[in-house]
Amino acid sequence: MIGSNGTGRRWSIGELAQASGLTVRALYHYDEIGLLRASRRTASGHRRYTESDLRRLYRIRALRALGLSLEEIADVLADPADDLVAMRELLSAQLRGLEAHAERIRQLQHQIHGLLGRIDDASIPDPDHFMTTLEVMSVFETSFTPEQREQLAERRAGLGPEGVEAAKREWAALVEELLRHVQDDTPVDDPQVQALAGRWEALGNRFHAAGGMGEGTKAAARTMWRQNSDEISRSLPWPAEGMRELVGYVERARQSGQRHA
């Protein structure tokens, strides 16, 4: 610790980094974005942090531990200390994000429980089962932004486990009906096909928000399917080629319905 010279304690940037567990580079970054600037400078221009700076850093670290972004932390610290409404709104938003993250963890737990069930039944999962789990996880993580993943998880959480399972059953029945039309080469403007395509769209809408955010996740999901249909199909009971034909068939039916609307 640097001497106080009668005006309170002072810390160099290296001492502050060592004490806080941050890197010097991180503290420089905080300074550059105006999140934490040293209140004092030596005659030669070196940074010196005061007790007030240390308290601010404590708040930054505490809020960061809650998962707030640096931008959100800057907003919190810009408000008066007694602005409980702003703090409550930010913490409520953070809680919603944590709940969405917990839902993603529950989904992964379900997949892993399935693998463990095979082991408990004395049936060792073959590498394909592990690869499918890893591939689907990777595809999901790389196809959607963190914000989109949170939004999708929130929608699933809103449906609840029973709602999600009901949607899965409804979707499986739709797939079977539509595959029969694909095999029979039914025209996409057939009223029965149009009705099934409408149900397909409505079912998908349960998992996407309304407005621009929902349109964004829908577009990302379509891109994910186009680029990773083989990997995704490995976790489905239908052949990949058949599913690709089905998805293209539904898209043509949707476009036909729009033209005749």
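Q: What places aspartate 185 in a loop, and between which helices does this loop run?
A: In this predicted model, aspartate 185 is found in the loop between helix 7, which covers residues 146–184, and helix 8, which covers residues 191–205.

Q: Why is aspartate 185 called exposed?
A: Its relative accessible area is 64%, and the word exposed is used for values over 50%, so aspartate 185 is counted as exposed.

Q: What is notable about the phi of aspartate 185?
A: Most residues other than glycine have a negative phi. Aspartate 185 is a residue other than glycine, yet its phi is near 55 degrees, a positive value.

Q: How do you know whether threonine 50 is buried or exposed?
A: Threonine 50 has a relative accessible area of 9%, and because buried means under 20%, this residue is classed as buried. Threonine 50 also lies in a loop, the one between strand 2 (47–48) and helix 3 (51–65), and, with residues up to four places away in sequence not counted, it touches Arg9, Arg10, Trp11, Ser39 and Arg40.

Q: Why is leucine 16 called buried, and what does it contact?
A: The relative accessible area of leucine 16 is 1%, and the limit for buried is under 20%, so leucine 16 is buried. This residue is found in helix 1, residues 13–20, and, leaving aside neighbours within four places in sequence, it is in contact with Leu27, Leu36, Tyr49, Leu54 and Leu57.

Q: What makes helix 1 and helix 2 roughly perpendicular?
A: Helix 1 and helix 2 (residues 24–32) pack at an angle of about 110 degrees, with their axes 9 Å apart. Angles of 65 to 115 degrees count as roughly perpendicular, and therefore the two helices are described in this way. Their crossing is right-handed, and the contact is made by Ile13, Gly14, Leu16 and Ala17 of helix 1 and by Val24, Leu27 and Tyr28 of helix 2.

Q: How many residues of this contact are nonpolar, polar or charged, and which one is polar?
A: The residues divide into 6 nonpolar, 1 polar and no charged; Gly counts as polar, so the polar residue is Gly14 of helix 1.

Q: Why should residues 1–6 be read with care?
A: Over residues 1–6 pLDDT stays under 50, although the model has 11 contacts for them beyond four places in sequence. Where pLDDT is low, the predicted coordinates should not be read in detail. The protein as a whole averages a pLDDT of 78, and 77% of the residues score at least 70.

Key: Residues numbered from 1 in each chain as written. Predicted model: local features only at pLDDT ≥ 70, side-chain atom pairs only at ≥ 80, totals over all residues. Heavy atoms only, no water. Helix = DSSP H or I, 4+ residues; strand = E, 2+ residues; numbered from the N terminus. Buried < 20%, exposed > 50% of the residue type's maximum accessible area, 1.4 Å probe, protein only. Contact = heavy atoms within 4.5 Å. Axes fitted to C-alpha atoms, helices over the stretch in contact; angles between N-to-C directions. Parallel < 35°, antiparallel > 145°, perpendicular 65-115°, else oblique. Left-handed = near helix turned anticlockwise from the far one by under 90°. pLDDT = per-residue confidence, 0-100.
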